[in-house]
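Here are some short questions and answers on a structure. Have the sequence and model open as you read.

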Amino acid sequence: MPAHQSRSRTRDRNNVLNRPEFISLNQPLARSNAELRSSSRRKSAQASQLKQPQSQQEPQQQLPQQPNGNTRDRKESAQQPEEDCMQLNPSFKGIAYNSLLAIDICMSKRMGVCAYKTSSWGSVRSMVTLLAMTGHGVVWIVGTLICLTRSSTLAGQEVLMNLLLALILDIMTVAGVQKLMKRKGPLEVNPGFLDYISMDMYAFPAAHASRATMVSKFLLTHLVLAVPLRILLVLWAFLTGISRILQGRHHITDVMCGFALGFLHYKLVEMVWLSSNACQTLISIWTFSWTPFFN
């Protein structure tokens, strides 16, 4: 063996960079076994594609598109933590709103003690249902029409005609807001037949509470009633709204908003109050169109 070769070997041994932990600094790392296996699988797959006919190769041509999907998923996963942080750190208004909403739903479910016959207050369910029926829109419209046909005084016809218009306004407004909000009740209680007629199929706002408030305020203003009757009228409006919560049809906030909306309806009707002449014109048009059917 030549002397210069032995000297080079001894130098390599004594060199610190030739140790195993420094080899990666001098030359690239060899590929791992997993990479070798994956490359061999790819080569075998490409060879099999070449052997297969074109009809079988077409569905496999979509395989190279998978890395793009993986990169998109990685990008979306990289963006998700920021969105999660924004949702996990809401504003004070969002926290307060969600807390009040959770309290409203929880208390409304607990107060729905007459929703079913098997409920805790199922024995008085028929009485609560009857009380809620007194605030139904169809009942009040039919009753107002009957009283309007039986009334013979101009003052009575004026009051009843404005009450009829107020009831129609209440039904249309509440139905429009309910259709817009589409909030369901706290319990899964199906609406009745009269509810479908008056378009009272959603929870917000409470139509019975709005109607009872408007009617009670209207009657207290335009009718001369004794003090006990006035107290009973106010109590009836309040209990009509509460009865819908006991039935599981409305939340507490739905009834409260219904009370406020009914008061606004009353104020609006007072602002656009129809005079006696306008009411007589409407009554004459109505009687002219329906008189042939009764004859």
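The expected span of a helix is 1.5 Å times one less than its number of residues. The model is predicted.

Q: What span should H13 have, and how far apart are its end C-alpha atoms?
A: H13 has 20 residues. At 1.5 Å a residue, H13 should therefore span 28 Å. This agrees with the separation of its end C-alpha atoms, 29 Å.

Q: Which helices are included in what covers the buried residues of H13?
A: The buried residues of H13 include Ile252, Leu261 and Val269. Gly258 and His265 are also among them. Their cover includes H6, H9, H11 and H12.

Q: Which helix gives the most to the largest nonpolar core?
A: This core has 15 residues. Helices H9, H11, H12 and H13 each supply at least two of them. With six residues, the top contributor is H11.

Q: Which residues does Leu233 touch, not counting those up to four places away in sequence?
A: Leu233 is one of the core residues that touch the most other members. Beyond four places in sequence, Leu233 touches Ser216, Leu219, Leu220 and Leu225.

Q: Is Arg230 buried, partly exposed or exposed?
A: Arg230 sits in helix H12. Buried means under 20% relative accessible area, and exposed means over 50%. Arg230 has 33% relative accessibility, so it counts as partly exposed.

Q: How far apart in space are Arg230 and Leu220, C-alpha to C-alpha?
A: Arg230 is in contact with Leu220, Leu223 and Leu225, leaving aside neighbours within four places in sequence. Arg230 and Leu220 are 10 residues apart in sequence. In space, their C-alpha separation is 6.7 Å.

Terms used:
Residues are numbered from 1 along each chain as its sequence is written. This is a predicted model: local features need pLDDT of at least 70, side-chain atom pairs count only at pLDDT 80 or more; totals for chains, interfaces and linings use all residues. Side-chain values use heavy atoms; hydrogens and water are left out. A nonpolar core is a set of buried Ala, Val, Leu, Ile, Met, Phe, Trp, Tyr and Cys residues joined through side-chain atoms within 4.5 Å. Buried means under 20% relative accessible area, exposed over 50%, partly exposed in between (1.4 Å probe, protein chains only). Helices (H or I, at least four residues) and strands (E, at least two) are DSSP runs, numbered from the N terminus. Contact means heavy atoms within 4.5 Å.
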